[in-house]
Amino acid sequence: MPIEQSDLEELTTSWFESVREGIASEAQAASHFVHPHARVVAPDGTTFDMAEHQRLHQGFVDEKHVLGDFELVQICDDPERARAKGWVYYETRYRAHPERGKLKAIAGEEYILERCADGKVRFVQYNATFFATLPDSAPLDLG
């Protein structure tokens with residue numbers, strides 16, 4: 001059965017919630033990825049393992065992710081895979097500097113998804129293709 005928009009929404013909702021709440025273990029991170037030692041790729045090519053990705057997000061509070069429009073293209077039947085390409089609205093505040101206000105951005109994202117033997121869809125590859133702050137946003141500061 002092809003990977004559907006509802007599969008993408010279920011996976012991303014669970015992943016974004018885990019990121020916001022804090023990934024407690026390797027097993028929790030691995031539950032979203034086909035490969036347990038997966039990496040997230042940033043727009044500049046920097047890659048983050050799950051621990052590095054979590055440390056980055058620990059600097060934020062009140063994170064909000066809203067899945068925007070995504071195009072799904074089936075790319076393989078065995079294993080069942082699809083490419084998802086679209087955007088996510090992202091909003092947060094800096095934990096150490098709440099006076100800066102909200103960071104608001106649109107993130108371009110491209111995923112390779114796979115339906116696994118248990119029927120769940122997981123990320124094979126997770127790429128952030130761009131990160132554009134909005135005009136009323138606090139500046140991006142990852143340092």
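How do the residues of the lining of the largest pocket divide into nonpolar, polar and charged? Let's walk up to that through the model above, which is a predicted one.

Start with the pocket itself. The largest pocket has a volume of about 500 Å³. Its lining is made up of 26 residues, and Pro43, Leu56, His57, Ala128 and Phe131 are the ones that lie nearest the centre. If you would like a place to point your viewer, those five residues will take you there.

Now for the opening question: the lining divides into 20 nonpolar residues, four polar ones and two charged ones.

Where in the fold do these residues come from? Helices and strands both take part: α1 (5–21), β1 (40–41), α3 (50–57), β3 (60–77), β4 (80–94), β5 (102–115) and β6 (121–133) each supply at least two residues of the lining. Strand β6 gives the most, with four residues.

With the pocket in place, let's turn to the charged pairs. The structure holds eleven salt bridges, and a few of them make a good tour.

One of them joins Arg39 and Glu52, whose closest N and O atoms are 3.5 Å apart. Arg39 sits in the loop between α2 (26–30) and β1, while Glu52 belongs to helix α3, so this pair ties together parts that are 13 residues apart in sequence. How accessible are the two partners? Arg39 has a relative accessibility of 38% and therefore counts as partly exposed. Glu52, at 29%, also counts as partly exposed, because partly exposed covers the range between under 20% for buried and over 50% for exposed.

A second pair is formed by Glu80 and Arg115, with the closest N and O atoms 3.2 Å apart. This salt bridge links distant parts of the chain, since Glu80 is in strand β4 and Arg115 in strand β5, 35 residues apart. Are these two buried or exposed? Both Glu80 and Arg115 are buried. They also have company: Asp7, Glu80 and Arg115 are linked in a network of salt bridges.

Our last stop is the salt bridge between Asp118 and Arg122, where the closest N and O atoms are 2.9 Å apart. Arg122 has a relative accessibility of 12%, and it counts as buried because that value falls under the 20% cut-off.

Key
Residues numbered from 1 in each chain as written. Predicted model: local features only at pLDDT ≥ 70, side-chain atom pairs only at ≥ 80, totals over all residues. Heavy atoms only, no water. 1 Å grid on protein atoms, 1.4 Å probe; cavity = no way out; pocket = protein on both sides within 12 Å on 5 of 7 lines; lining within 4 Å. Points joined across faces, edges and corners; volume = space filled by probe spheres on them. Nonpolar A, V, L, I, M, F, W, Y, C, P; charged D, E, K, R; others polar. Salt bridge = Lys/Arg side-chain N within 4 Å of Asp/Glu carboxyl O. Buried < 20%, exposed > 50% of the residue type's maximum accessible area, 1.4 Å probe, protein only.
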